[in-house]
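I opened a notebook page for this chain and decided to begin with its sheet, then turn to the helices and finally to a single residue. The entries follow the order in which I looked things up.

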Amino acid sequence: STIAERNTLVNALRVLPQTDITLACETPGILYVEGHTDLALLREWARILNHPSYPFLSVKTFWRPTVWQSRADAPGIRAQEHFQALQLVRPDIPGLILLDGDALPAVQPTPITGQGLQRLRWSRYEAESYLLHPAALERFVEQMVGGPAAALAKSDLRGYFEAQFGKELTADFYGNPLSPKPLIEKYLQQTKARTDVLPPALNAAGILALPYTRYHEIAALMRPDEIHSEVIEKLDAIQQALRL
């Protein structure tokens, strides 16, 4: 490696918190995701599915954002740099980057081998895009609104989707939410669910200004057969990539 590359690694190692050094030695590997809300969603889905990745995602977690700051005044450290620093502590540590569908389109997934730093991306825009299951959303609305108002709130939720897609497409979406028509699937791939789909849908149902940090509560109400196959694929990949 060049002097510049060595300096980069030394600088990265210098800013690794002691907790990262400890975790690198004690946990199976490291997961890089866009933020803590992605981790919360994955944790709930793994719990519901009783997936082998759940212990790692719940009690043995070692994760960092794909770009993070080790302290308030520090420049952002990218996953690649952070991982290279971890390898100085533990050369055989595996890692996995899980990117949003919209992030760095030129960066392609890698094979999942259980070795080194591996990379995957969501097909849809982001992890929150997989919360768009009508039955799960209705269950959440009913829990939040409760009482006689719940029926009207669920009707208003459906009305929001009908305004977006029309009655025919919405009826199909409600009937086949895990394999929606191409128009809806394309919409979920191109539209940011966290800000442009879930907030207006929930607002229509009378749930106003719910912070996205609570969206894992929707995931927590999903049933195993409501969880998209791609979510299961990603959990399987976490298990394989980190040798869980």
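Entry 1, the sheet. I am working from a predicted model, and I began with an open sheet of 4 strands, whose order I noted as E2-E1-E5-E6, with parallel pairing. Strand E2 (63-65) and E6 are at the edges and have a single partner strand each, so one side of each is left without a neighbour in the sheet. From one strand to the next I find a twist that averages 20°.

Entry 2, the pairings. I went through the sheet strand by strand, starting with E1 and E2, which pair in the parallel sense over 3 bridges; in this pairing Tyr32 stands opposite Arg64 in E2. Strand E1 (residues 30-33) is also joined to E5 by 3 bridges, and these two strands run parallel. Here I noted two positions: Ile30 has Gly95 as its bridge partner in E5, and Tyr32 stands opposite Ile97 in E5. For the pairing of E5 with strand E6 (residues 117-121) I count 5 bridges, again in the parallel sense, and Leu98 has Leu120 as its bridge partner in E6.

Entry 3, burial of the strands. How many residues of strand E5 (residues 95-99) are buried? I find that 5 of its 5 residues are buried, so that the strand is mostly covered. I then checked its two faces separately, and both are covered, with Gly95, Ile97 and Leu99 buried on one side and Leu96 and Leu98 buried on the other. For E1 I noted that Ile30 and Tyr32 point one way while Leu31 and Val33 point the other way, and that all of these are buried.

Entry 4, a helix over the sheet. Which strands does H5 lie across? I find that H5 lies across E1, E2, E5 and E6, and that the helix runs at about 170° to E1.

Entry 5, H2 against H5. Staying with H5, I looked up its packing with a second helix: helix H2 (residues 18-26) and helix H5 (residues 79-89) pack at an angle of about 65°, and their axes are 10 Å apart. H2 and H5 are therefore roughly perpendicular to each other, and their crossing is right-handed. On the H2 side I listed Asp20, Ile21, Ala24 and Cys25, which meet His82, Leu86 and Val89 in H5. Sorted by character, the residues of this contact of H2 with H5 come to 5 nonpolar, 1 polar and 1 charged.

Entry 6, H7 against H8. I next turned to helix H7 (residues 149-165) and helix H8 (residues 167-175), whose axes come within 7 Å and cross at roughly 125°. That angle makes H7 oblique to H8, and the crossing of H7 and H8 is right-handed. The contact is made by Leu157, Arg158, Phe161, Glu162 and Phe165 of H7, together with Lys167, Leu169, Thr170, Ala171, Phe173 and Tyr174 of H8. I noted that the residues of the contact of H7 with H8 divide into 7 nonpolar, 1 polar and 3 charged.

Entry 7, one residue. Is Ala219, which I located in helix H11 (residues 216-219), buried or exposed? Ala219 counts as buried because its relative accessibility is 0%, where the cut-off for buried is under 20%. Which residues are in contact with Ala219, leaving aside its neighbours within four places in sequence? I listed Leu41, Glu44, Trp45, Ile48 and Leu131. I also looked up the separation of Ala219 and Arg43, which are 176 residues apart in sequence and 9.2 Å apart in space, C-alpha to C-alpha.

Entry 8, the whole chain. To close the page I stepped back to the chain totals, beginning with the 12 helices and 6 strands that I find in the chain. Of its 244 residues, 45% count as buried. Among the contacts in the chain with a separation of 6 or more, 69% are accounted for by residues 24 or more positions apart.

Notes: Residues are numbered from 1 along each chain as its sequence is written. This is a predicted model: local features need pLDDT of at least 70, side-chain atom pairs count only at pLDDT 80 or more; totals for chains, interfaces and linings use all residues. Side-chain values use heavy atoms; hydrogens and water are left out. Axes are lines fitted to C-alpha atoms, for helices over the stretch in contact, and angles run from 0 to 180 degrees between N-to-C directions. Angles under 35 degrees count as roughly parallel, over 145 as roughly antiparallel, 65 to 115 as roughly perpendicular and the rest as oblique. A crossing is left-handed if the near helix is turned anticlockwise from the far one by less than a right angle, and right-handed if clockwise. Contact means heavy atoms within 4.5 Å. Ala, Val, Leu, Ile, Met, Phe, Trp, Tyr, Cys and Pro count as nonpolar, Asp, Glu, Lys and Arg as charged, and the others, Gly among them, as polar. Buried means under 20% relative accessible area, exposed over 50%, partly exposed in between (1.4 Å probe, protein chains only). Two strands pair if DSSP finds at least two bridges between them.
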